[in-house]
Amino acid sequence: MAANPSVGDILVEEIRVLITSDQDIVAARQQGRTLAVHLQFSPGDSTLIATAISELARNIVSYARRGEIRIRPMQNSDRPGIVIIASDDGPGIRDIRQAMRDGFSTSGSLGLGLPGVRRLMDDFEIVSEQGMGTTVTVKKWKL
Amino acid sequence: MEVPILKQGSFLIATVQAALTDADLLQFRSALIQHVVRSRSQGVILDVTDLDVMDSFASRTIREIAQMIRLRGAETVIVGIQPEVAFAMVQLGLTMEGVETALDLDEGLDFLNLKGKTGTS
């Protein structure tokens with residue numbers, strides 16, 4: 001069923017967007033949406049995916065100044081999906097539990113918006129170490 | 001990228017495009033405020049129909065715009081938030097509390113007129 005060659009359950013084709021400025025935030029979310037639409041995600045889900053990418057890229061610009069967003073299709077036994085990996089070598093997050101707490105971070109005032117991103121997507125994984133940077137991996141499966 | 005601002009009577013209508021960067025949004029904010037001051041506008045309609053993503057920054061900036069304009073004694077109404085954008089905003093935890101919204105341009109104009117601020121000069 002899958003049109004692309006795959007390694008494990010993850011397809012090979014990948015989009016990489018270097019994130020260093022607010023323009024890159026727009027570029028990353030537009031490319032992510034294009035891929036989501038290409039993978040036949042609904043307009044609603046494509047918007048959720050683009051919004052999640054926008055927030056993740058924004059965190060990179062705000063807290064690490066530079067990093068990378070990688071977006072690629074994935075496939076498990078019965079359905080396709082999309083993976084977004086946002087990584088940086090920035091200062092890292094001191095208290096991940098606190099950063100994942102609602103209210104600490106949403107409402108667009110300050111904070112990372114990570115609980116919101118988790119709600120937008122199906123899978124959410126964060127690895128962060130102080131002084132070593134942060135990697136957030138999120139996935140969404142097609143309905 | 002510049003956001004076009006049209007004057008209609010004592011109202012201003014600004015149409016926000018899809019791919020605005022943070023810098024574009026901030027520039028738009030100051031241009032719009034200046035415009036409100038210069039033309040002594042009584043109401044502003046922010047049309048975000050074409051906006052594909054309303055993330056935390058865009059949402060905060062729009063809220064700030066509405067607050068600044070209110071301090072000038074004018075009303076702001078946001079129109080055209082797309083259903084999927086609204087859904088994503090709610091999931092993200094973004095509300096537009098304290099900011100008036102309406103379905104589209106017509107309803108936005110109705111709202112401003114109802115507020116007793118006439119659009120015909």
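Me: In which sense do strand 1 and strand 2 of chain B pair?
Reply: This is a predicted model. Strand 1 of chain B covers residues 5-8, and four bridges tie it to strand 2 of chain B. One of the residues involved, B:Ile5, has B:Ala14 in strand 2 of chain B as its bridge partner. The sense of the pairing is antiparallel.

Me: Which residue in the turn of that hairpin has a positive phi?
Reply: Strand 1 and strand 2 of chain B make a hairpin, with two residues between them. In the turn, a phi of about 60° belongs to B:Gly9.

Me: Why do the buried residues of helix 4 of chain B line one face of the helix?
Reply: Helix 4 of chain B runs over residues 105-114, and its B:Gly108, B:Leu109 and B:Leu112 are buried. On the other side, B:Asp106 and B:Leu114 are exposed. Looking down the axis, the buried ones line one face because they fall within an arc of 100°.

Me: What do those buried residues pack against?
Reply: We're still on helix 4 of chain B, with B:Leu109 among its buried residues. Their packing partners are in chain B too: strand 2 (11-15), strand 3 (43-47), strand 4 (75-79) and strand 5 (100-102).

Me: Which element gives the largest share of the side of chain A that touches chain B?
Reply: The contact takes 24 residues from chain A and 19 residues from chain B. On chain A, the elements giving two or more residues are helix 1 (22-38), helix 2 (43-64) and helix 4 (114-120). The largest share is nine residues, and it comes from helix 2 of chain A.

Terms used:
Residues numbered from 1 in each chain as written. Chains lettered and ligands numbered in written order. Predicted model: local features only at pLDDT ≥ 70, side-chain atom pairs only at ≥ 80, totals over all residues. Buried ≥ 20, exposed ≤ 12 C-beta atoms within 10 Å, placed from the backbone. Arc of directions from axis to C-beta. Contact = placed C-beta atoms within 7 Å. Pairing = 2+ DSSP bridges.
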